[in-house]
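Trainee: I should like to go through the reasoning behind the labels given to this structure. Please show me what each label rests on.

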Amino acid sequence: VLRERVPLRLFGFGAAASVGVFLLLGPHALPRPELLVFPVAMAACFSVYVVMTRLLHAEPTRVNLFYTGLGACLLLLPLMPSGWVTPSATDLLLLAGVAVLGLGALLALERLTAVAPISRTAPLLYLQIGFTLAFAWVARHPVPGLIAVGVVVLAAGAWLALRRRRRGSSWHMTSLLADTGHAGL
């Protein structure tokens, strides 16, 4: 769809990273085969979402985020009448927190897809594992192998950054902060 060539070794790295995450975080027992449809469907939906975000990379950041929110609302709108529960004040506070964190994650993803081809930036999405585990550790939730996961994620990120710098890559981490629109948000 994007006409971007992806080196075969990146597919291997992605598969290895996925196996590593599975081994570290589980589940450590395979589910029934018919249940594997759900994670595969989720991965396919997320992949389509990332590609669509990349297709909008020439649009201003606000426009990209607006279409993202509008698409999710339109897809979920038919489900609203069957499950609506009026939120309490605490629920509204939690919803606002989720909205702010979600907007930050979508903004980061939009920046990631705007600066370079997806084949170059997709490996950075594995950083979410480290942030999630760090957040769980701060919240004092049990975290399996937090130190091992953190070391692996940080080492992989540092290795990729050093490798790109040595090659004289055309993009840098600072370009992730550059604006694609009129002053961003």
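**Burial and packing**

Trainee: Why is Asn64 called buried?

Mentor: In this predicted model, Asn64 has a relative accessibility of 1%. Buried means under 20%, so Asn64 counts as buried. Asn64 belongs to helix 3, residues 61–76.

Trainee: Which residues does Asn64 touch, leaving out those up to four places away in sequence?

Mentor: Asn64 touches Thr53, Leu56 and Glu110. Thr53 is itself one of the buried residues of helix 2, along with Tyr49, Val50 and Arg54.

Trainee: What puts those buried residues on the same side of helix 2?

Mentor: They cover an arc of only 135° around the axis, and therefore lie on the same side of helix 2. The face turned away from this buried side carries the exposed residues Val37, Val40, Cys45 and Leu55. What covers the buried residues includes helix 3, helix 5 and helix 6 (118–121).

Trainee: How does the span of helix 2 compare with the value expected at 1.5 Å a residue?

Mentor: Helix 2 has 19 residues and reaches 27 Å from its first C-alpha to its last, which is close to the expected 27 Å.

Trainee: Which residues make up the largest nonpolar core?

Mentor: This core has six residues, namely Tyr49, Val50, Leu109, Leu112, Ile118 and Leu124. Helix 2 (37–55) and helix 5 (89–115) are the elements that give two or more residues to it. Not counting residues up to four places away in sequence, Tyr49 touches Thr68, Leu106 and Leu109.

Note on methods
Residues are numbered from 1 along each chain as its sequence is written. This is a predicted model: local features need pLDDT of at least 70, side-chain atom pairs count only at pLDDT 80 or more; totals for chains, interfaces and linings use all residues. Side-chain values use heavy atoms; hydrogens and water are left out. A nonpolar core is a set of buried Ala, Val, Leu, Ile, Met, Phe, Trp, Tyr and Cys residues joined through side-chain atoms within 4.5 Å. Buried means under 20% relative accessible area, exposed over 50%, partly exposed in between (1.4 Å probe, protein chains only). Helices (H or I, at least four residues) and strands (E, at least two) are DSSP runs, numbered from the N terminus. Contact means heavy atoms within 4.5 Å. The expected span of a helix is 1.5 Å times one less than its number of residues. The arc is that of the directions from the helix axis to the C-beta atoms.
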